[in-house]
Amino acid sequence: MRLIEGGSPPGTTVEPTLPGAYYTSEGIFRRELERIWFDTWLLAGRSDELAAPGDFFLRTVADESAIVVRNREDGISAFYNVCRHRGARLCSEASGTFKSAAVRCPYHSWTYDTLRGALIAAPNVPDGEHGFSRADFPLHPVRAEAWGGFLWLNFNADAPGLAAALGLPETAAFYDRYGLDALKLGKRISYDVQANWKIVMENALECLHCSHIHPELSRCTPPTLPRHWLHEDLPESFVFKHSGGMEMAPEFEAVNIDGRSRRARFPGLTEGDARTIYYAFIYPHVLFGFAPDYVFFFSVWPLGVAETQVHAYWLFHPAEMAKPGFDGSDAIAFWDATNRQDWEACRLVQQGNRSQMYRPGGVLVPSEWRVNKFRRYVLELVPPPAAF
Amino acid sequence: MRLIEGGSPPGTTVEPTLPGAYYTSEGIFRRELERIWFDTWLLAGRSDELAAPGDFFLRTVADESAIVVRNREDGISAFYNVCRHRGARLCSEASGTFKSAAVRCPYHSWTYDTLRGALIAAPNVPDGEHGFSRADFPLHPVRAEAWGGFLWLNFNADAPGLAAALGLPETAAFYDRYGLDALKLGKRISYDVQANWKIVMENALECLHCSHIHPELSRCTPPTLPRHWLHEDLPESFVFKHSGGMEMAPEFEAVNIDGRSRRARFPGLTEGDARTIYYAFIYPHVLFGFAPDYVFFFSVWPLGVAETQVHAYWLFHPAEMAKPGFDGSDAIAFWDATNRQDWEACRLVQQGNRSQMYRPGGVLVPSEWRVNKFRRYVLELVPPPAAF
Amino acid sequence: MRLIEGGSPPGTTVEPTLPGAYYTSEGIFRRELERIWFDTWLLAGRSDELAAPGDFFLRTVADESAIVVRNREDGISAFYNVCRHRGARLCSEASGTFKSAAVRCPYHSWTYDTLRGALIAAPNVPDGEHGFSRADFPLHPVRAEAWGGFLWLNFNADAPGLAAALGLPETAAFYDRYGLDALKLGKRISYDVQANWKIVMENALECLHCSHIHPELSRCTPPTLPRHWLHEDLPESFVFKHSGGMEMAPEFEAVNIDGRSRRARFPGLTEGDARTIYYAFIYPHVLFGFAPDYVFFFSVWPLGVAETQVHAYWLFHPAEMAKPGFDGSDAIAFWDATNRQDWEACRLVQQGNRSQMYRPGGVLVPSEWRVNKFRRYVLELVPPPAAF
C-alpha cells in the first residue's frame, strides 16, 4: 500500500446513484438479505465485550437474531436465537450472561451447550425414547471468527473463512501498528436510524457533506487541508477498502471536541500519523476511524427496508485505560455528535428517495467515487430485477 | 367418558409443529379467516353480561366486528357492525347499552331493530319512494346461540347449529354438575397478545411449560402429582376436546394464590373432584378450567397475523356471589398472573418463528399430543399452499 | 347560474356507493394517485401565506412532497421536495422562509434558485468539468398558478392551465362579490383524519348527517329552513361544482357559535345573501363555505389509503382585519367543532368499510346526489380493476 501525500481521489466521472427502489422496495430488501446479509461476514463486536464464559450479546438482521457468546471453552460461538423445540426466541436481552454458560429456553427449559449448541437438557421428553434423540436438535450454528480483537459472524454455515474473504492480512497490514488485538472497549452506543442501511453506508463513504453538517468534525479535520490517499494493489474482490487520511488542524492535538490531547498516542505511529485520522471500510457495513489515540468504528445492521441499527464503538489502548482518571469522553462526544448529524441527513435522504422523481436515482459527483464503488458492489450482488 | 386415575397421555411419537409460515404469513392468515374464523362457532361471552334488552358487547375478528346484543324480546341477536347505508361502524364502545334496544348509526341515524336487524328508521329517505324500501336494508346477521349460559357466534349464516357442531350434550356431560347455566360472571379481563392466535392456543394445550414459567400454578397443582386423564369415545370431528384433571397440592384447599378456600365448592362434586381442576378445550379458541369453586375460561380472537386478543372470564356460583363479603380476587389474581406469564412466552415464540431456520417448523414431543391434535385440525381446514 | 328559492335537489334515485375496496385497497389508492392526484389542479393555500420572497410551505400527497414558495421575482413557484444530487428531502419544516429566497439542501448544500429551480451552487463538483453541468440538474418543477388569491398546484408539468380546468371565470362568477382576491388569511388549522380521502369529501358533499352530528351547525342553519339551490348550465366536465345556500335561523346574525355578528358583511351582498351561507366544491378535494362576513374552505390531502390531512382556512375582509380588536374566533370555533365531528364520523366509516359485508358497498339515497356525482367522477378516472 502506498501513502500519497496530497494525492487526489481517483474519481473523474459523474455516475448515477442506485435507483430509488433500492432504498424503498421490500422486494429488493429481501434479495439483499439473501444475497448480501445472510452470505457475508459481519462485524458483530469486540472480543472483550464477552469477558467470561456465558457472556453474550445479540445481533439482529431483519427478522433474524443471532446470539454471540463466549463458550465454556473460552472461545466465541454464535447461534440462531431460535429454540429447536417450538421456535421461541431463546433470549431477548441485548446482552448479558448465561448461567453455567448454557442457553436455556424460557419456555420449556430446553437447554443448549454454548460450545457447539448441543441440546443438553429437554425436560419434557426423555432422550432416546419415542424416536426422540437430543442429538437431532442442536442450535442452528452461525459461523463465528475473531480477528484483531473483532468478532465476526456469517449466517451462511458454508461460507469461506473470514481471512480469505477479507483478504487478511494484506488488507489490514497498514493498521497493525494500532495494536488492534490488544485494544479495550471504552464505550458502545447503539443508534436507530430511520433510513435504508445503504444510505447510512453511503453517508460514511464520502465527506463532502462534512463541512455542511459536521461543525465539530470540520474544525478538527478541515476540508481545506490535504488528504493522504491510500492506494492499493489489492484485488477488486476484497471488501476491506482503504480510504485515506485526514489531517488535523494545526491547533488540534487530538481528534475530539476541543483538540486537547488526553491520552498517549499509539506507540508505533509516525509523527505524520500522529496528526492524521485514517479511515477504512469493510463492505457491506463497517466504518473504521483510526485516530492517534483511539480507534472508532461502527457497524450498520438492517432491521427493515427503512430502519437500521448502528452499533458504534470507541477503543483505547489498555495502558491508557488502566491509568487512574482515564476519560474517553472527549472522543465519544465528538463522534456521538457527528453520528447524530449523519443520522438526521440519512433520514431526509430516505424521505426524498420515496419520490417518484427519484425512481431513476440521483447523481454521484467525481468526489463520491467511493460511493460509486459501493454502488457497483451492491449491483453485482443484487442486480436490478428484470421487470425493473 | 372414563376418568382414569394416573393414566398416561396417549402421545407416543415425535411430531412436527406447523411450518413457520402458519405463524407469520398474511396469506395463510387470510385463508384461516375464511376457512376457520368465518365458518365456525365462536364463544363470545356470557349471557349475564347482557342483563337487559339493549345491552351489548362487541367481538372482533381481524377487520370484522360483531355486535352481540340482548334484543327487545330478551333473546340474544348478533349483527355485523356495519351500517347498510354508507358502511359506518355502528358502534365503537366495547360494551354498553343501546337506547330503546335499537341500534342507531351515529352518522345519519339509520336505526335498526335489535331483534332481526330490521331497518326501522332512515331519516334521509322516505320509505317506499324513489325505489327505496327499508326492507332491503336490514343489518347483516351473525348467527347467535346460547348453551350453558355461554353466548356463541357464527359469521356463516348457513352454518349448522351449535349443538351439532359441538357434539352437545354428550361432549359436555362431564361438566353438567358445575351448573354452568346458572353461573354468574365475577370478572372479565381482556388481554392483547403479540403473537399469532395459534401460538396462544398451543400454549394452552400443554402444561409442560408450567413448571418453568408458572410458579403460582405449579405450587398449586404440582407437575409431580398424578394427572387424571379423561378418555373419550367421541367422534374425532367434535371440536369440544376433553383434557384431564390436575390434582391440587396437599396443602392447597383451592386453586388460587394461597391455597386457602374462600367459597363453598359446587354442590355436585365428589371428594376427588374437590381436589382437582379439570381442563377442556373447544377448537379453535376456547380453554375452560373447572375448579372446585369457580370456572375460568378464555377465548382467543385474532386481530392480525401476529396480534391476538384474549377475553378471560371468572364465573362463580350465584349463591356464593350473593353472600355479603364475596371476594373472587384470589382466583382472579392466580389466573391473571398465569395468563401474563403465558402471553410473554407466546410473544417470544412469535419472534423466533419469524426466523428462516423455523421455516420447516419445530418439534412436538409426545407429551404435546394435544398440540399435535390441534395441528391436524388446522391443517385439515387450511392445508399448506401448493407452492409451499 | 340561477338561484332557485326553495328548489329541490335533482336527485331522485337510489344509487350504489363506491365498492368497499375503493376505501381500503392499496392498489386502488396507487391508481388514484396516478390518475387523479398527480394529474389535477390542487388547492394548496393562500397567496398571503407567502408574504415575502423565500416564504414557503409544503404540501404532501402520499410519498410526494411539494415546496410552494414565493420566488425572488415575487411570483409563486413550486418544486418537488427532492434534491437532484442524492435525493434528500430539501426541507422538512411545514412552513418557513428560505434565506436569500434560495433552497439549500441540508446534506451537501446544493442550492437552487426559487424562480425556476435552477441549480446555482453545487459545492462538491465544479460546473462544466467531468461531464457535470449544473444546467442538467434543476429542481423538478410542479406547476403553480394563482386565482382569487388561492394558490394551486399540479404535479403534471404538462397539465392544461388552471382556468381551463376549472372553467373560470364562469364557474366562479357567483362568488366574485366576495372579493376573493383581496381576502386575508385569519387562521389555518391542519387536521389528521383516520379515513380515506374520499370519505372526507363524501362527508362534505351532503348535509343529511348535519342534524345528527353537528348541533352547532344545525342551530345556525337549521335543516328545516329552505335550501337555495344553485342550478348551473356548465359543462359536466368542470370540477368546480356549485351547491346551494343554507339559510340562517331567524335568531342568528352570523354563521358562528352564538349567532352574534362581529364583522361587517362583504360589501356586494344582497339582503338575502346576508342571511345565507353558500357552499361550493372543487373536485377532487376542496370545500368552500361563503358566509356573509368570512370565507371558510378546506382542502383534503391523502397521506395513505386510510390517512388524510385536511388544511382548513378562515379568510376575512382586509378592512375588518385591520380594525383594532378584530376577532375571528367565533367563526373559527364554529367550524373547528364541526370539522372534528365530521372527522370522527369519517373514522367510523373507514372502520366499517373494511368489513367483508361492505365489499359491494352501500347505498346513496336521492338527497345524496352530490355524493353520487363525485362517485361517477372517481369511477371515470379510476374504473374498477378488471378482476374486480
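This report describes how the chains of a predicted model are arranged, how they meet, and what cavities the model holds.

**Arrangement of the chains**

The relation between chain B and chain C is a rotation: a turn of 120°, with a shift of 0.0 Å along the axis, lays chain B on chain C with an RMSD of 0.1 Å. That is the relation of a three-fold axis. Within chain B, the residue that comes closest to the rotation axis is B:E26, whose C-alpha lies at 8.7 Å.

Chain C and chain A are related by a rotation of 120° with 0.1 Å of shift along its axis, and the superposition has an RMSD of 0.1 Å. In chain C, the C-alpha nearest the axis belongs to C:E26, at 8.6 Å.

**The two interfaces**

The size of an interface is often given as the accessible area lost when the parts come together. The table sets out this value for two pairs of chains, with the share that falls on carbon and sulfur atoms.

| Pair of chains | Buried area | Share on carbon and sulfur atoms |
|---|---|---|
| Chain B and chain C | about 2300 Å² | 58% |
| Chain C and chain A | about 2300 Å² | 58% |

The contact between chain B and chain C takes 25 residues from chain B and 30 residues from chain C. On the side of chain B, the residues that lose the most area to chain C are B:R86, B:Y107 and B:H130, which together account for 30% of what that side buries.

Charged and polar groups also meet across this interface. Two salt bridges are counted between chain B and chain C. B:R86 forms a salt bridge with C:E368, in which the closest N and O atoms are 2.6 Å apart. B:R86 thus appears both in this salt bridge and among the residues of chain B that lose the most area to chain C. There are 14 residue pairs in polar contact across the interface of chain B and chain C. The side of chain B that touches chain C is made up of 11 nonpolar, nine polar and five charged residues.

At the interface of chain C and chain A, 25 residues of chain C are in contact with 30 residues of chain A. The count of salt bridges between chain C and chain A is two. C:R86 forms a salt bridge with A:E368, and the closest N and O atoms of this pair are 2.6 Å apart. Across the interface of chain C and chain A, 14 residue pairs are in polar contact. The residues on the side of chain C that touches chain A comprise 11 nonpolar, nine polar and five charged.

**Cavities**

The structure holds two cavities of 30 Å³ or more. The largest cavity contains about 80 Å³ of space. It is lined by 13 residues, of which A:R86, B:T17, B:Y23, B:E202 and B:Y358 are the closest to its centre. The residues named here come from chain A and chain B.

How values were computed
Residues are numbered from 1 along each chain as its sequence is written. Chains are lettered from A and ligands numbered from 1 in the order in which they are written. This is a predicted model: local features need pLDDT of at least 70, side-chain atom pairs count only at pLDDT 80 or more; totals for chains, interfaces and linings use all residues. Side-chain values use heavy atoms; hydrogens and water are left out. Copies are superposed by least squares on the C-alpha atoms of residues with pLDDT of at least 70 in both. Contact means heavy atoms within 4.5 Å. Buried area is the accessible area (1.4 Å probe) that two parts lose on being put together, summed over both. A salt bridge is a side-chain nitrogen of Lys or Arg within 4 Å of a carboxyl oxygen of Asp or Glu. A polar contact is a pair of N or O atoms within 3.5 Å; within protein, one must be able to donate a hydrogen and the other to accept it, and residues adjacent in sequence count only if both atoms are side-chain atoms. Ala, Val, Leu, Ile, Met, Phe, Trp, Tyr, Cys and Pro count as nonpolar, Asp, Glu, Lys and Arg as charged, and the others, Gly among them, as polar. On a 1 Å grid over the protein atoms alone, a cavity is a set of points where a 1.4 Å probe fits but cannot get out, and a pocket is an open set with protein on both sides within 12 Å along at least five of seven lines; lining residues have an atom within 4 Å of a point. Grid points are joined across faces, edges and corners, and a volume is the space filled by probe spheres set on the points.
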